[in-house]
Amino acid sequence: PRHLLTLDGMPRDALNALLVRAQAFAEGHYDRRALDGIAVCTLFFEPSTRTRMSFTLAAQRLGADVLNFDASTSSTSKGETALDTMKNLEAMGVRGFVIRHKVDGAVAELSGHANPGTSLVNAGDGRTAHPTQGLLDMLTLRQAKGHDFSRLKVVIVGDVKHSRVARSDLQALRALGTGEIRVCGPASLLPDDGTLQGCVVSHDLDAALEGVDAAMMLRLQRERMEEGLVASLDEYHRDFGLSAARLKRAAADAVVMHPGPMNRGVEITDDVADGPQSLILTQVSNGVAVRMAVLEALLRG
Ligand code: CP
């Protein structure tokens, strides 16, 4: 494929092939000239720390020329559209675009206007998809729990409604044949649009954690939230925050994940986030390797 817009519909073999390649990159096996002479631009219309920096590092490690576009200091502030911005960068010779946008479907829409030799990666659009986050989460789970997901019980906790990460994780977990996928959160933050098809849905975190192999916590996305969806941060923490005491309900070797940025003390306590079962910084490390695999697959030709 030319673009990576979503994990929806990606076959298990294709997903696994990217994970195997990413694992090799994570172990340091790569050619620093693989993308020699290819220009890649990170085109972010929403803030980011992990995704933008790790795509930048990934492209640099493969020898690409990397441009970092910052919407706030660009001609976007004079009213230039995302499409005109992309077309101008294409005219400079950029072949790979890593794009984040707050509008659902914005990256897919831009891909329809790209030149035949241009590849786009969705680095997060609205609530829809964050495919490289889904891939790095699967790489992290696979390293911790092995390649066979069929016996795994995984719970995704929190603000699924506003979460492109949850949607991409759910698509990837299904594609990899995960044994049981649970989803837990307040009714007001769980989507009713088919996203949770096949999941065991619960509003009781203690019950949902019982015996799980992995707890994937989500950020409460207050910037995307209408007033009143959550009573208060204290109540949210009381009912849906992952604490060390709660984590005891999971399997003894359960792992804890969070895509970042964390609201510490809201969806997760410090002792869990920084504790021995946390893989949160491993996820970040894996982000570089996964993004190398994606850029190589799309751009190496
Ligand atoms: N997980 C994630 O996408 O983080 P950033 O928003 O910092 O890129």
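In what order do five strands form an open sheet? Keep that question in mind as you turn the model, which is a predicted one.

**Check the confidence**

Colour the chain by pLDDT. The mean is 96, and 98% of the residues reach 70 or more. The model scores ipTM 0.99 and pTM 0.97.

**Split the chain into domains**

Select 12–129 together with 284–299: this is domain 1. Now select 131–282, which is domain 2. The domain centres, taken over C-alpha atoms, are 26 Å apart.

Stay where the two domains touch. Domain 1 brings 25 residues to the contact, and domain 2 brings 20. On the domain 1 side, pick out α1 (12–26), β4 (119–125) and α11 (280–299), the elements that give two or more residues each. Which of them gives the most? Select α11: its share is eight residues. Colour this side of domain 1 by class, and you get eleven nonpolar, nine polar and five charged residues.

**The sheet of five strands**

Back to the opening question. The order is β7-β6-β5-β8-β9, and the pairing is parallel. Select β7 (200–202) and β9 (255–257) next. They stand at the edges with a single partner strand each, so one side of each has no neighbour in the sheet. Look at how the strands are turned: neighbours differ by 20° on average, direction ignored.

Now zoom in on one pair. Show β5 (residues 153–157) and β6 (residues 180–184). They run parallel, and five bridges join them. Pick Val157, then look across to β6: Cys184 stands opposite.

**The sheet of four strands**

Move on to the other sheet. Its four strands follow the order β2-β1-β3-β4. This sheet is open too, and its pairing is parallel. Which strands are at the edges? Select β2 (65–70) and β4: each pairs on one side only. From one strand to the next, the twist averages 15°.

Show β1 (residues 39–44) beside β2. Six bridges link the two in the parallel sense. Click Leu43, and find its bridge partner in β2, Phe69. Then add helix α3 (residues 82–91), which packs on the sheet. Helix α3 touches β1 and β3 (94–101). Compare directions here: that of α3 makes about 160° with that of β3.

**The ligand and its shell**

Centre the view on the ligand. Which residues surround it? Select Ser48, Thr49, Arg50 and Thr51, then add Gly124 and Gln133, and finish with Pro259, Gly260 and Pro261. By class, the shell has two nonpolar, six polar and one charged residues. Switch the domain colours back on. Domain 1 and domain 2 each supply at least three residues to this shell.

**A cis peptide bond**

Keep two of the shell residues, Gly260 and Pro261, on screen. What kind of peptide bond joins them? The bond is cis, with omega about -5°. Most peptide bonds are trans. To place Pro261, trace the chain between β9 and α10 (270–273): Pro261 is found in that loop.

**Last view**

Show the ligand with both domains. Gly260 and Pro261 belong to its surroundings, and the shell draws on domain 1 as well as domain 2. Finish on α11, which gives the most to the side of domain 1 that touches domain 2.

Technical notes: Residues numbered from 1 in each chain as written. Predicted model: local features only at pLDDT ≥ 70, side-chain atom pairs only at ≥ 80, totals over all residues. Near = placed C-beta within 6 Å. Nonpolar A, V, L, I, M, F, W, Y, C, P; charged D, E, K, R; others polar. Domains from an automatic or database assignment. pLDDT = per-residue confidence, 0-100. Pairing = 2+ DSSP bridges. Axes fitted to C-alpha atoms, helices over the stretch in contact; angles between N-to-C directions. Contact = placed C-beta atoms within 7 Å.
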